[in-house]
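Good morning, colleagues. Please turn to the structure on the screen, and I shall take you through a few of its residues.

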Amino acid sequence: LVTLVFYYIIGGIKALVLQTWRTFHSVNPFDPIIAESKCPAGKRTVAWRAFGSVIEMKEVAKAVSKKTTINDVSVYIVTAAIKRQLAWHYEQANASGNTMPHHVNVCIPVHLLGGALVDPKTGDRVPLGNKIGAFVAAIPLAEKDDNPATGRLKTCSAALKEQKSTPAPLIAWRTAKLLADYAPNSIAKYAMRNTNGQSAAVVSNIKGFPFQTHWNSRCVEFLCAFLPLPPGM
């Protein structure tokens, strides 16, 4: 009982304070880049890259520490790419006043409940939930170790662990559902647009089906989830 009280009450207060701070204090480093870009508003591109297996990512995680997860490695890789992209834009702009931000905010969707689909062989529900919460984590971009990659992966893992210790995803889902069900559409959109903590990216780790799937009698070899971006992302 004490653990539940500490988690939901103390953790909930911590989650709300952190979210409020990041919403009003943080700045998305891509905002000035997009503002000066000549690309039409709303235009998007897709980049596809396969660079390693789940087993390899697990080995990388456990080489750093026993508590480091695949999610930590995924966020580290994405934020490393963001850092390189920002460095490229700053170089192209020849703007000496642009300095690399100390951290970048990343939105992490969290699967809350399962049971969306049923395994036709066993009858068990597949953990492919349709109740998704999220939290915003401030991921450091600076290296603070003799080995830059290992050092930043450790700080990345610590930043994610801080948010995982709170019920932030549950609060986010409950709040979004409340706004969607009862608030006017304009208010719901405003809340979604202004409560993403100025995140520069969304990082989602999808397991996929635990059994072989087929589409029109053809074996599906690979699945990639597409995340519809909410307003402001």
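I shall discuss two buried residues, and then a patch on the surface.

Please bear in mind that this is a predicted model.

I begin with Ile139, which lies in strand β4, spanning residues 131–140. Is Ile139 buried or exposed? Its relative accessibility is 0%, and it therefore counts as buried, since the limit for that class is under 20%. Setting aside residues up to four places away in sequence, Ile139 touches Val75, Thr79, His102, His103, Val104, Val106, Arg152, Cys156, Ala159 and Leu160. As for distances along the chain, Leu153 is 14 residues from Ile139, and their C-alpha atoms are 9.7 Å apart.

One of the residues that Ile139 touches is Thr79, to which I now turn. Thr79 belongs to helix α4, residues 70–93. Thr79 is likewise classed as buried, because its relative accessibility is 0%. Which partners does Thr79 contact beyond its neighbours within four places in sequence? They are Val104, Val106, Ile139, Leu141 and Arg152. In addition, the Thr79 side chain comes to 3.1 Å from the backbone oxygen of Tyr76.

Let me move to the surface. A nonpolar patch of about 930 Å² is formed there by Leu4, Val5, Phe6, Tyr7, Tyr8, Ile9, Ile10, Ile13, Val17 and Leu170. Which element gives the most to this patch? Helix α1, residues 2–25, does so, with 9 residues. Ile9, one of the patch residues, sits in helix α1. With a relative accessibility of 47%, Ile9 counts as partly exposed, because that class lies between 20% and 50%.

Thank you for your attention.

Conventions. Residues are numbered from 1 along each chain as its sequence is written. This is a predicted model: local features need pLDDT of at least 70, side-chain atom pairs count only at pLDDT 80 or more; totals for chains, interfaces and linings use all residues. Side-chain values use heavy atoms; hydrogens and water are left out. Helices (H or I, at least four residues) and strands (E, at least two) are DSSP runs, numbered from the N terminus. Buried means under 20% relative accessible area, exposed over 50%, partly exposed in between (1.4 Å probe, protein chains only). Contact means heavy atoms within 4.5 Å. Patches are made of residues with over 30% relative accessible area and no salt bridge: like charges are joined within 9 Å, nonpolar side chains (Val, Leu, Ile, Met, Phe, Trp, Tyr) within 5 Å. Accessible areas come from the Shrake-Rupley method with a 1.4 Å probe; for residues, only the protein chains shown count as cover. A salt bridge is a side-chain nitrogen of Lys or Arg within 4 Å of a carboxyl oxygen of Asp or Glu. A polar contact is a pair of N or O atoms within 3.5 Å; within protein, one must be able to donate a hydrogen and the other to accept it, and residues adjacent in sequence count only if both atoms are side-chain atoms.
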